[in-house]
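Here is a short briefing on one protein structure. Have the model open as you read, and find each residue as it is named.

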Amino acid sequence: ERSESISAVDVTPGETNEAHCLPSLADQHEANTGLEVETVVADSKYGTVENFLACHGRNIRAHIPDLKETQRGRRQDIFPEDAFKYDQDTDTYICPAGKSLLLRKHRKKRQANEYSCSKKVCQSCRLRDQCTKSKTGRTIKRHHRHEDLELMRSRARKRQAKKDIRTRQHLMERSFARACRYGFKRSRWRMLWKNKIQEYLTAAIQNIMVLLARN
């Protein structure tokens, strides 16, 4: 933020989810600068469970909008997950209608447990239209590291995090505008390794411009 210099670059195929690149970019930044990453600021596509927990494990502040909350914006008429109260003693959730959601499945790949009540109970519930559109009923997923995840999400909602997110948007737009002057908006060559060269050169030119402007 202070220098606007580019310290990490990655180029991936179009089908790659760029959110998965966050840990490797942090590693690259530390290797190139010799400095530990203290705060990561990114847009909502990076606000995944995996990235929040990766940052927690490395003691990095994740100032990233929660992807889950962004997607939640499309379903404002449905009860949010925090409307369901978790009972640690019984390992169940209580829904707004007072029914218990029991542990039904273990999602090993996602490292989460899935809770639900019977299909019959959901179908007859007076609050069904406010709770789910699914024919099989409402389910709640709880990550094995739920407390760590909620801690990171709560920090990402704080004032300083929101300020950093706004600042990042301004800086990224300026950086992108600079890069477009050198053909960054369109690939000049085929093959990934050639596009990496174009990206590295574009980043190097921007860094040189920053250095010249500050000296």
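Aspartate 77 and lysine 133 form a salt bridge, with their closest N and O atoms 3.6 Å apart. Aspartate 77 sits in the loop between α3 and β3, and lysine 133 sits in the loop between α5 and β7, so the pair ties together parts that are 56 residues apart in sequence. Keep in mind that this is a predicted model.

**Salt bridges**

- Side chains of opposite charge can pair when their charged atoms come close.
- How many salt bridges does a search of the whole structure find? The search finds 14.
- Start with the two partners named above. Lysine 133 is exposed, at 62% relative accessible area. Aspartate 77 counts as partly exposed, at 47%.
- The cut-off explains the two labels: exposed means over 50% relative accessible area, and buried means under 20%. Aspartate 77, at 47%, is therefore partly exposed.
- A second pair is arginine 153 with aspartate 66, where the closest N and O atoms are 3.0 Å apart.
- Arginine 153 belongs to helix α6, while aspartate 66 is in the loop between β2 and α3, so this bridge ties together parts 87 residues apart in sequence.
- Are these two partners buried or exposed? Arginine 153 is buried, with a relative accessible area of 7%. Aspartate 66 is buried too, also with 7%.
- A third pair is glutamate 38 with arginine 61, with the closest N and O atoms 4.0 Å apart.
- This pair links distant parts of the chain: glutamate 38 is in the loop between α1 and β1, and arginine 61 is in strand β2 (residues 61–63), 23 residues apart.
- Glutamate 38 counts as exposed, at 54% relative accessibility. Arginine 61 counts as partly exposed, at 44%.
- Salt bridges can also join up. Asp27, Glu30 and Arg58 are linked in a network of them.

**Strand β6 and its neighbours**

- Strand β6 covers residues 112–116, and 5 of its 5 residues are buried.
- In a regular strand the side chains alternate between the two faces of the sheet.
- Which residues of β6 lie on each side? Ala112, Glu114 and Ser116 are on one side, and Asn113 and Tyr115 are on the other. Both faces are covered.
- β6 pairs with strand β5 (residues 100–107) in the antiparallel sense, over 5 bridges.
- One contact to find is leucine 103, whose bridge partner in β6 is tyrosine 115.
- β5 and β6 form a hairpin, with 4 residues between them. Glutamine 111 is in the turn and has a positive phi of about 55 degrees.
- β6 also pairs with strand β7 (residues 139–143), and these two run antiparallel, joined by 5 bridges.
- Here glutamate 114 stands opposite lysine 141 in β7.

**A pocket and a cavity**

- The second largest pocket has a volume of about 1500 Å³.
- Its lining has 43 residues. Val49, Lys68, Glu81, Lys141 and Arg153 lie nearest its centre.
- Which elements give two or more residues to this lining? They are α2 (49–57), α3 (67–72), β3 (85–87), β7 and α6 (146–156).
- Two residues met earlier return here. Lys141 of β7 stands opposite glutamate 114, and Arg153 forms the salt bridge with aspartate 66.
- The structure also holds 2 cavities of 30 Å³ or more.
- The largest cavity contains about 130 Å³ of space. Of its 16 lining residues, the closest to its centre are Cys95, Cys117, Cys122, Cys125 and Cys131.
- α4 (119–123) and α5 (128–131) each supply at least two residues of that lining.

**Surface and distance**

- Met191, Trp193, Ile197 and Leu201 make a nonpolar surface patch of about 430 Å².
- Isoleucine 197 lies in helix α8 (residues 192–213). This isoleucine is partly exposed, with a relative accessible area of 38%.
- Valine 37 is in the loop between α1 (22–33) and β1 (39–41). Valine 37 is buried, at 12% relative accessible area.
- The C-alpha atoms of valine 37 and leucine 127 are separated by 46 Å, and the two residues are 90 residues apart along the chain.

How values were computed
Residues are numbered from 1 along each chain as its sequence is written. This is a predicted model: local features need pLDDT of at least 70, side-chain atom pairs count only at pLDDT 80 or more; totals for chains, interfaces and linings use all residues. Side-chain values use heavy atoms; hydrogens and water are left out. Patches are made of residues with over 30% relative accessible area and no salt bridge: like charges are joined within 9 Å, nonpolar side chains (Val, Leu, Ile, Met, Phe, Trp, Tyr) within 5 Å. Accessible areas come from the Shrake-Rupley method with a 1.4 Å probe; for residues, only the protein chains shown count as cover. A salt bridge is a side-chain nitrogen of Lys or Arg within 4 Å of a carboxyl oxygen of Asp or Glu. Buried means under 20% relative accessible area, exposed over 50%, partly exposed in between (1.4 Å probe, protein chains only). Two strands pair if DSSP finds at least two bridges between them. On a 1 Å grid over the protein atoms alone, a cavity is a set of points where a 1.4 Å probe fits but cannot get out, and a pocket is an open set with protein on both sides within 12 Å along at least five of seven lines; lining residues have an atom within 4 Å of a point. Grid points are joined across faces, edges and corners, and a volume is the space filled by probe spheres set on the points.
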